[in-house]
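Here is a walk through one protein fold, with the sequence and the 3D view to hand. Keep the viewer open and click along as you read.

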Amino acid sequence: MLIIGSHVSYGKNQLLGCVEQAIEYGANTFMFYTGAPQNTIRSQVNENLTIEAYKLMKENNILADKIICHAPYIINLASNIFPEKYEFSMKFLRTEINRCNLLKIKYLIIHPGSAVQHEKNIAINNIINALNKILKPEDEITLLLEVMAGKGTEIGTNLNELNIIYKGILLKDKIGFCLDTCHLNDSGIDIAKIDNYLNEFDALIGLNKIKCLHINDSKNEIGLKKDRHANIGFGTIGFDNLIKVIYHDKLKDIPKILETPYVGEKPIYKKEIEMIKNKKFNPNLMENIINLK
Ligand SMILES: [Zn+2]
């Protein structure tokens with residue numbers, strides 16, 4: 001079954017607002033941040049809105065157990081140069097997990113972190129130590145480590161690093177992974193040959209640990225370590241290669257989430273999801289949208 005959705009905004013209507021957007025986009029799942037991705041200002045979870053959201057999901061065939069939450073970018077578990085910042089990141093991640101529990105969300109994505117001035121092995125150790133402190137056996141969440149593009153001093157840009165982190169985690173059943181087609185491309189993986197990567201992932205970690213896929217085209221050539229998303233079919237990866245990933249036999253039943261750029265201040269997820277469902281690229285999509293305005 002194709003499980004497809006996009007990033008949606010968690011505004012004042014919280015989860016209910018997210019569901020309404022997902023329905024509008026023709027999605028059967030979605031991903032949200034519990035506030036702005038760049039900051040840690042968070043509102044209290046409103047239980048009534050959550051109940052309404054689940055009712056609406058049921059009525060519209062949105063797969064509640066495939067919804068994804070994404071932690072803000074500023075959480076950095078890799079650096080403890082400033083101990084108070086490291087502590088803050090851990091505390092904040094803990095409150096995000098608690099919020100996910102209240103919202104009954106099963107998957108929370110985090111970026112492994114940036115080493116900043118640290119040697120890589122120290123940074124990786126910091127991540128492992130932080131996660132082992134934060135995760136509790138009673139948690140119902142699976143924390144998903146995202147594969148990164150390799151911008152700056154990012155950790156988690158290759159399978160070796162991800163595997164070292166994974167091997168260091170005590171509660172392994174609480175950990176999964178999120179692949180991002182743009183990040184993979186920018187880190188040097190050829191999406192046209194995704195099978196090679198999947199085989200390697202399976203041998204090291206196990207494909208059953210991949211719980212989410214971010215589907216984005218890339219504005220940059222392979223291996224440039226940039227992380228700039230492009231609209232589906234309008235980047236260097238291309239529509240056919242992305243379709244191959246989306247409909248890959250080994251990746252079915254995994255939620256696929258679009259985080260593609262807005263066009264003219266608005267997301268075009270609905271149109272992109274339509275193309276994905278029809279497996280047919282519309283090269284005139286951008287002109288059509290601009291002409292409609
Ligand atoms: Zn991410």
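What follows starts with the strands, moves out to the helices, and ends with a handful of single residues.

**The barrel**

Bear in mind that this is a predicted model. How do the strands close up? Eight of them form a barrel, and going round it the order is S1-S2-S3-S4-S5-S6-S7-S10, with parallel pairing. From one strand to the next, the twist averages 30 degrees.

**Around S4**

A handy place to zoom in is S4, which covers residues 107-110. Is S4 covered or bare on its faces? Both faces are covered: Tyr-107 and Ile-109 sit on one side, Leu-108 and Ile-110 on the other, and all of these are buried. To get to S4 from S3, the chain passes through helix H3 (residues 83-103), and this β-α-β crossover is right-handed.

Now for the neighbours of S4. Strand S3 (residues 68-70) runs parallel to S4 and is joined to it by three bridges. If you want to find that pairing in the viewer, pick Ile-68, whose bridge partner in S4 is Tyr-107. There is also S5 (residues 142-146), which pairs with S4 in the parallel sense over four bridges. Two residue pairs help you to line these strands up: Leu-108 has Leu-143 as its bridge partner in S5, and Ile-110 stands opposite Leu-145 in S5. The link between S4 and S5 goes by way of helix H4 (residues 120-134), and S4, H4 and S5 together make a right-handed β-α-β unit.

**Around S7**

Further along the chain, S7 takes up residues 210-215 and is mostly covered, with six of its six residues buried. S7 has pairings with S6 and with S10. With S6 (residues 175-180), S7 pairs in the parallel sense over four bridges, and here Phe-177 has Ile-210 in S7 as its bridge partner. With S10 (residues 256-258), S7 pairs in the parallel sense over three bridges. To spot this pairing, look for Ile-215, which stands opposite Leu-258 in S10.

Here are those strand pairings side by side.

| Strands | Sense | Bridges | One residue pair to look for |
|---|---|---|---|
| S3 and S4 | parallel | three | Ile-68 and Tyr-107 |
| S4 and S5 | parallel | four | Ile-110 and Leu-145 |
| S6 and S7 | parallel | four | Phe-177 and Ile-210 |
| S7 and S10 | parallel | three | Ile-215 and Leu-258 |

**Two helices that pack**

Next, swing the view round to H4 again. At what angle do H4 and H5 pack? H4 and H5 (residues 159-168) pack at about 40 degrees, and their axes are 9 Å apart. The crossing of these helices is right-handed. On the H4 side, Ile-124, Ile-127 and Ile-128 meet Glu-161, Ile-164, Ile-165 and Gly-168 of H5. Sorted by class, this contact has five nonpolar residues, one polar and one charged.

**Lysines worth a click**

Lys-270 lies in helix H9 (residues 269-278). Why is Lys-270 partly exposed, and not exposed or buried? Lys-270 has 14 other C-beta atoms within 10 Å, so it lands in the partly exposed class, because exposed needs 12 or fewer and buried needs 20 or more. Leaving out residues up to four places away in sequence, Lys-270 touches Glu-24, Tyr-25 and Gly-26. Another residue to check against Lys-270 is Gly-5: they are 265 residues apart in sequence, yet 9.1 Å apart in space, C-alpha to C-alpha.

Lys-280 is in the loop between H9 and helix H10 (285-292). Lys-280 counts as exposed because it has 11 C-beta neighbours inside 10 Å. Between Lys-280 and Asp-240 there are 8.9 Å, C-alpha to C-alpha, and the two are 40 residues apart in sequence.

**Positive phi in loops**

Two loop residues have backbone angles you may want to look at. Asn-61, in the loop between helix H2 (47-59) and S3, has a positive phi of about 55 degrees although it is not a glycine. Asn-61 is exposed, because it has 8 other C-beta atoms within 10 Å. Lys-104 is in the loop between H3 and S4, and its phi is near 60 degrees, a positive value in a residue other than glycine. With 14 other C-beta atoms within 10 Å, Lys-104 is partly exposed.

Methods. Residues are numbered from 1 along each chain as its sequence is written. This is a predicted model: local features need pLDDT of at least 70, side-chain atom pairs count only at pLDDT 80 or more; totals for chains, interfaces and linings use all residues. Two strands pair if DSSP finds at least two bridges between them. Two residues are in contact if their C-beta atoms, placed from the backbone, lie within 7 Å. Axes are lines fitted to C-alpha atoms, for helices over the stretch in contact, and angles run from 0 to 180 degrees between N-to-C directions. A crossover is right-handed if, with the strands pointing away from the viewer, the path from the first strand over the helix to the second runs clockwise. A crossing is left-handed if the near helix is turned anticlockwise from the far one by less than a right angle, and right-handed if clockwise. Ala, Val, Leu, Ile, Met, Phe, Trp, Tyr, Cys and Pro count as nonpolar, Asp, Glu, Lys and Arg as charged, and the others, Gly among them, as polar.
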